[in-house]
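Reader: Could you walk me through the ligand site here, please?

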Amino acid sequence: MIRLALPNKGRLADGARELLERAGLEFDMRDRALQASLGPDFTALFVNAKDIPEFVMDGAADVGITGADLVAECGRPLRTLLDLGFGRCRLAVAARDDSGITSIADVPAGARVATVFPNVTRRFFEPLGRAVTLVPVSGAVEIAPHIGVADIVVDLVSTGSTLKVNGLREVATVLDSTALLIARPDAFTDADDTARVRELTGAIESVLRAQGQRYLMANVPRARLPEIKRILPGINGPTIIDVLNAGEYVAAHAVVAQRDIYRTISQLKEVGAQGILVTKIERLMP
Ligand code: AMP
């Protein structure tokens with residue numbers, strides 16, 4: 001069994017679980033939900049997202065899903081197998097609205113920086129030649145500049161509304177983060193394990209590829225097929241199927257980017273399409 005470390009709670013837990021389920025892996029929960037079998041080849045270990053980089057690096061798990069921010073903070077040379085796209089946020093430098101700090105250049109030498117990410121923060125400020133004093137905290141970072149514990153913060157931001165509510169202004173981005181599927185650099189020397197992990201990454205990729213794509217079906221006039229082919233590029237061009245008793249109509253099926261659906265439907269209607277149907281795609285394997 002290959003051990004896959006997953007966040008047990010918090011912002012990344014649901015995203016990781018949903019992605020794996022959509023990839024066709026079923027969770028069989030037992031042992032008080034600390035562990036689950038996941039399809040025929042994997043055991044899911046539910047642990048703190050923050051511990052996952054170390055657990056994977058040390059061999060307690062073979063692969064893991066956690067945030068790029070936590071992988072960076074851990075600082076160990078993990079291998080990214082896939083960027084999973086969810087859990088998007090950025091680690092940002094923020095200062096009090098009334099501080100007069102609007103860019104990194106305004107950060108005074110010796111400024112105290114409160115953060116849950118001391119290693120990433122140190123690596124960010126060092127090459128800028130700006131000596132800062134780290135104030136490691138374990139949460140509620142936004143309060144630090146208001147209680148005199150720090151001058152600025154380095155904290156995770158997604159929409160920026162939490163910073164705003166707490167009277168802070170974002171002044172620089174330290175790093176952008178999403179959830180990653182990670183492994184040790186030297187993992188999987190065994191051919192069977194390599195094949196199983198490749199199957200896992202392939203299944204997840206098929207879900208990621210399907211996001212933002214739609215399957216479009218329409219009955220179209222056979223006489224307008226040259227125009228239909230231009231409107232519906234699809235993966236290998238549209239699939240054209242005869243429709244029983246449909247006279248001069250044939251069915252056209254194609255994969256269309258979600259952002260193009262509105263325009264594509266208007267264009268199809270212009271050339272006489274009928275019975276247009278758009279559905280989500282679960283997985284897409286080219
Ligand atoms: P947790 O602390 O367990 O909820 O997980 C936090 C992880 O979720 C972070 O390390 C990020 O990778 C990710 N994340 C995504 N958006 C945010 C956000 N707005 N604030 C904090 N963490 C976020």
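Reader: How do the residues of the shell around the ligand divide into nonpolar, polar and charged?

Author: This is a predicted model, where local features need pLDDT of at least 70, side-chain atom pairs count only at pLDDT 80 or more, and totals for chains, interfaces and linings use all residues. Residues are numbered from 1 along each chain as its sequence is written, and side-chain values use heavy atoms, leaving out hydrogens and water. Around the ligand, with a heavy atom within 4 Å of it, are residues including Lys9, Leu12, Gly67 and Cys89. Counting Ala, Val, Leu, Ile, Met, Phe, Trp, Tyr, Cys and Pro as nonpolar, Asp, Glu, Lys and Arg as charged, and the others, Gly among them, as polar, the shell has 4 nonpolar, 4 polar and 4 charged residues.

Reader: Which residue has a polar side-chain atom 2.5 Å from an oxygen atom of the ligand?

Author: Let's go through the polar contacts (pairs of N or O atoms within 3.5 Å). Ser158 places a polar side-chain atom 2.8 Å from a ligand nitrogen, while a backbone N or O atom of Arg11 lies 2.9 Å from a ligand oxygen. The residue with a polar side-chain atom 2.5 Å from a ligand oxygen is Asp69.

Reader: Where does the ligand lie relative to domain 1 and domain 2?

Author: An automatic or database assignment sets the domain bounds, giving domain 1 (2–87 + 178–210), domain 2 (89–177) and domain 3 (213–280). The C-alpha centres of domain 1 and domain 2 are 30 Å apart. Domain 1 and domain 2 both give residues to the shell, so the ligand lies between them.

Note on methods. A polar contact is a pair of N or O atoms within 3.5 Å; within protein, one must be able to donate a hydrogen and the other to accept it, and residues adjacent in sequence count only if both atoms are side-chain atoms.
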